[in-house]
Amino acid sequence: MKHLGWTLCLTACLPWQALAWNHVNGTKLQGALDSSGYTLIAFVMPSQDTSKSLEAEWVSMQEREKDDNIVSFDCETHPKMCNDLDVSSFPAIRVYHRDGRMDRYRGERKGREISLFLRRTFRPAVFEADEQMAEQLTLLDDVVIMGHIHPDDWNLYDRFYDFAKKHKDDYSFVVTPPGYGATRSRLTCVNNLDDVKHETYETAAVEALEKFTKLCSELLIPELTRRNRKEYLRTSKNVLNFFATTNAEKEAYREDMRPLAKKHADLVQFAIVDATEYPDMVPATGEAETKIGLALIKSMTGVIVPYQVQDGEKLTAKIVGKFLSDAFGIPGQEKSNDAQVPKRGHEQERTHEEL
Ligand SMILES: *[C@@H]1O[C@H](CO)[C@@H](O)[C@H](O)[C@H]1NC(C)=O
C-alpha cells in the first residue's frame, strides 16, 4: 500500500505535474486557424528531449498570459496535420494571424522571450511618434531603437525602415522628429534589461544601424560564447571573469552585480565564463580543492588576479567591490566615488590569447 501511495503521488502530487502539456486536439486547432483571431502554437514531439525542455516554460507562460490563443499541439499523435502545415522540425513555434500571415519564432525557448515576440508580431515594424509619445515608447520592449530623423534625411529614413523590417522580431523601432531646432538626425536607444541608454550622431555609414543596435542589445555583463569569443579576447579593457556552471548561477550573478558593473564600467568589463565549456580559461590553483570564482585580467600588464571562493561562500557585490578596490588600489567601496576611480591612459590594443 505504501508503494501504491507513492505511485499516486508521483502522478498527482509533484509540483511539475501542474505544469504539464495540455495539447489541443485536431478539431480545436483547425477551428483556431480558421477563426478570426491569432493563434500562437507550439508544435511538439512529446517524446523528444528538445520538446520536453520547452514544456515547463510553455505551460507557465500559458498560465501567466491567460490567453486562450496560446496553445500546444502534439505532432506525434497528429502527424498528418503537422505535415499539412509544413512543420518539420520540433518544437516549432509560430503565430498565425487572421490575415493569413505567419511568423516563426527563432529565439531562445524561454517563456518571457516568446511573450515579447508575440507582442512584436502585432506591431508595425516601426512606430512613428511625436517626441512626447516617443518618450513613452521607450518602455515598449527590452531594447527600443529610436531614429530621431531630420525631415530632409530620406536616406536614413529608408535605411531605418529596411533595418527595422529585418529585425522586427527581435527589437522595437520608433521614428520621431529630431527635436526643435535640430539640424541633424541622431539615433538613441534604451536597453531596459540593464537600464542603459545610448546616443549617436554617426548615422551615415552603411553599417551604422547594425553597429548601434549591437551596442544597445549587448548586455552589461555578457557571457563568453563561440560568437563573441574573438572580440572578447581582443578587448583593450580590464576584464573581470566570473566562472559559473549553471544558468541559475549566471543569472544571480548578473542580477547582483549590475549596479557594480555599471559603476565601474569605465574601469572594468564584467563577464561570465562557463567553466565547463571553457575550462582552460579558469586559472589553475595548484590545489584541487579550491575553486576559482573570479579572475581579473589587467589590461596594462596582462596580469591575472584570481579570487578563490571559500566553501559555501556566496559572491556578493560587496565582496566583488572590495576585490576590485584591492586589485586597483582604490579606496574601499563605501568611501569611493566615481572621481576616485583612476583614469586609464591610452592603452594598446592587445590580445590575451595566452589564456
Ligand atoms: C476536441 O477538444 C474539444 C475541447 O477542447 C472537445 O470539445 C472536442 O470534443 C474534442 N474533439 C475530439 C474529436 O476529441
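Which residues lie nearest the centre of the second largest pocket? They are Glu135, Thr138, Met146, His148 and Thr188. Keep in mind that this is a predicted model. Before returning to the pocket, take in the whole chain.

The protein chain has 355 residues, and 41% of them count as buried. Its secondary structure comprises 11 helices and 13 strands. Now consider the contacts with a separation of 6 or more. Residues 24 or more positions apart account for 69% of these contacts. On the outside, the chain exposes about 20,700 Å². Carbon and sulfur atoms supply 53% of that exposed area.

Back to the pocket. How can empty space be found? Rolling a probe the size of a water molecule over the atoms shows where empty space is left. The second largest pocket holds about 270 Å³ of space. Its lining is made of 19 residues. Four elements each supply at least two of them: helix α6 (131-137) and the strands β6 (143-148), β8 (186-191) and β9 (196-200). Strand β8 gives the largest share, with four residues. The lining is mixed in character: seven residues are nonpolar, seven are polar and five are charged.

Next, the nonpolar interior. The largest nonpolar core has 23 residues. Ile221, Leu240, Tyr253, Phe270, Leu294, Leu296 and Val320 have the most contacts inside this core. Several elements each supply at least two of the core's residues: β10 (238-244), α10, β11 (268-274), β12 (291-297) and α11 (317-328). The largest share comes from α11, which contributes five residues. There is also a second, separate core of 17 residues. Among its members are Ala125, Ile145, Val175 and Cys189.

Look more closely at Ile221 in the largest core. Leaving aside residues up to four places away in sequence, Ile221 touches Tyr253, Arg254, Met257, Arg258, Ala261, Phe270, Ala271 and Ile272. Two of the names in that list, Tyr253 and Phe270, also appear among the core residues with the most contacts.

Arg258, another partner of Ile221, deserves a stop of its own. Arg258 is found in helix α10, which runs over residues 247-263. Is Arg258 buried or exposed? Its relative accessible area is 17%, so Arg258 is buried, because buried means under 20%. What does Arg258 touch, not counting residues up to four places away in sequence? Its contacts are Leu193, Asp194, Leu220 and Ile221. Arg258 itself is not part of the nonpolar core, because a nonpolar core is a set of buried Ala, Val, Leu, Ile, Met, Phe, Trp, Tyr and Cys residues.

Notes: Residues numbered from 1 in each chain as written. Predicted model: local features only at pLDDT ≥ 70, side-chain atom pairs only at ≥ 80, totals over all residues. Heavy atoms only, no water. Buried < 20%, exposed > 50% of the residue type's maximum accessible area, 1.4 Å probe, protein only. Contact = heavy atoms within 4.5 Å. 1 Å grid on protein atoms, 1.4 Å probe; cavity = no way out; pocket = protein on both sides within 12 Å on 5 of 7 lines; lining within 4 Å. Points joined across faces, edges and corners; volume = space filled by probe spheres on them. Nonpolar A, V, L, I, M, F, W, Y, C, P; charged D, E, K, R; others polar. Core = buried A, V, L, I, M, F, W, Y, C linked by side-chain atoms within 4.5 Å. Areas by Shrake-Rupley, 256 points an atom, 1.4 Å probe, with all protein chains shown as cover.
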